[in-house]
Structure formats: C-alpha cells, structure tokens
Amino acid sequence: MEASQVAVGTMGWGYADWSGPFYPEASASRDYLSLYGRVFNAVEIDSTFYGTPRKSQVMAWASAVPNEFSFCPKVPRAISHEMRLAGVEPHLEEFAHVMGNMGTKLGAMLIQLPPDFTRDELPALQALVPRLADIAASGARWALEFRHRSLMAPDVLELAANHRVAVVSADYVRMDRRFDQTTDFVYLRLIGRHGEYPKHDRTYGNRSADIDEWADTLAGQLPQLNAAFVFCNNDYEGFSPASANRFKNRIGQPTV
C-alpha cells in the first residue's frame, strides 16, 4: 500500500475543548462528526467501550462521513474487562453484527485488554482468538491491545498471526515500544500518559521525535500491508488533531 492510503485520525471526536481550536465555535455538537470527516479519514470510537450502540446510531455515524472513511470501534468493556474474554462469543457476535451496519466504513474492531490481564489468563485468549474470524462481520478486522508485558511473547504473537489478528503497537507509558506485524494490517495508538494535560485545546507537549520514529517504522512496513490505522490521543501532546496532522505530514499526506 501507499502512504496516501494510511488511515490517520484521533481517539474520539466529541470534545468540548475542540470548539474553537478545531471545530468552528458556532458548530453544534451533532455536527462534529461530519466536520471531523472533512479533515481526517478515520476515527477510533471510544463510546462503544461503554456498551454496544443502537443500529440507528451506527447508521447515523456512517452517513455523516465520506465513503473513504474508517471507523475503528472499541469492543465493550463488559467483554474485555468484566467477562475477561471468557464465554463472550454471543456478545462479540452481537457487537460485530451491529457495527457491521457501517459496511465498508468499518475498519478494525479493537479489543483492549486491561493492565491486569496477564499470562495467567492466556487460556481465555487462546480459546477466543481462533473464533474471531467467524465472529467478525464480513471483511471486518480485529486488533488486540495488550497492556501487560507478559503477553508480548512469541507464542502470543504466533497465535495472533495464525488467525490474522493484529497486535496493537502503542506508545503507552506502561508498555515497551515495539512494532509487531502479525497480519496484513497494522494498528498504531499514540496514547501518552493519561491525565497529562488539564485541557485539550492546543498542543502543550512536543512528541515530534517520537512521531518521526513511528512514522519511519510504519513507512518501512507499508509494502507488506493492505491497511494501516493510526490514532492519536489528547494525552499524547495535549491536542490530538494537531498530533494526527503532524503524523500525516510526516508520511507525506496533505493536511487540512
């Protein structure tokens, strides 16, 4: 794939602090997503972490953005954090079915595991990962984010690779920085330290050197990929639209 095809965006879009610095001040919050879609071609949906949305909501999101746009929803925490992947297939099937109403705008579905999910719970992961391809909506992808170092091991990476599941690469304070390609797409999250900045109305930090390093690493992998998703958090530099635009610039994409 070409750098121009990399999907770059932010984690969420409905931030009040963005009114003025990003969205026109007079904009209604109901218009934020359509305005966002004029600038970025992908977004990670954080609200789905708190529960599976209604079909009508999913279809409204999809209709608000251009055709060449990707949504990457987080799997509900009830599945990842409360049930801890055990016996979750019916719930994942429901989630994938509802999100499938996005059609081609559904990018990858993110399963973010809690920091205390360790190798002690590896059997639950080993049981679920082989089933993900059958659970997913047609053509949908899965990405797994580990937040405990014990899971970043050869056997876990092999498990993901055998079933074409991406292991998330994350710039996150709890984890080592690493880029493990386990399938034909990658999922990169630039997160930073939670609560680092009290407001998210402008850039407060400078992570340009880190962004350069991630962009260079991604560029080296592009010939082997069919898709790439990159998302920036407000905690990374204080204002994720600026961080996402910095990444776009770094890989040669035009910015708005």
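A pocket is found on a 1 Å grid over the protein atoms alone: an open set of points where a 1.4 Å probe fits, with protein on both sides within 12 Å along at least five of seven lines; lining residues have an atom within 4 Å of a point. This is a predicted model, in which local features need pLDDT of at least 70, side-chain atom pairs count only at pLDDT 80 or more, and totals for chains, interfaces and linings use all residues. Residues are numbered from 1 along each chain as its sequence is written, and side-chain values use heavy atoms, with hydrogens and water left out.

**Exercise 1. Describe the largest pocket: its volume, and the residues that line it.**

Step 1. The volume is about 350 Å³. A volume here is the space filled by probe spheres set on the grid points, which are joined across faces, edges and corners.
Step 2. The lining has 17 residues. Nearest the centre lie Q5, A7, E68, S70 and F229.
Step 3. Strand β9 (residues 227-232) gives the largest share of the lining, 3 residues. Strands are DSSP runs of E, at least two residues, and helices are runs of H or I, at least four, numbered from the N terminus.
Step 4. Sort the lining by class: 7 nonpolar, 8 polar and 2 charged. Ala, Val, Leu, Ile, Met, Phe, Trp, Tyr, Cys and Pro count as nonpolar, Asp, Glu, Lys and Arg as charged, and the others, Gly among them, as polar.

**Exercise 2. Do the same for the second largest pocket.**

Step 1. Its space is about 270 Å³.
Step 2. It is lined by 14 residues, with D46, K74, R189, H194 and N233 closest to the centre.
Step 3. The classes are 5 nonpolar, 3 polar and 6 charged.

**Exercise 3. Explain why C72 forms no disulfide.**

Step 1. Set the criterion: a pair of cysteine sulfur atoms within 2.5 Å.
Step 2. Find the closest cysteine sulfur to that of C72. It belongs to C232, 13 Å away, so it is too far for a bond.
Step 3. Check the whole structure: the search finds 0 disulfides.
Step 4. Add the surroundings. C72 has 0% relative accessibility and is therefore buried (under 20% relative accessible area; exposed is over 50%, partly exposed in between; 1.4 Å probe, protein chains only). C232 is also at 0%, hence buried.

**Exercise 4. Locate M59 and judge its exposure.**

Step 1. M59 sits in helix α2 (residues 55-63).
Step 2. M59 is partly exposed because its relative accessibility is 42%.
Step 3. Its C-alpha atom is 9.6 Å from that of G100, 41 residues apart along the chain.
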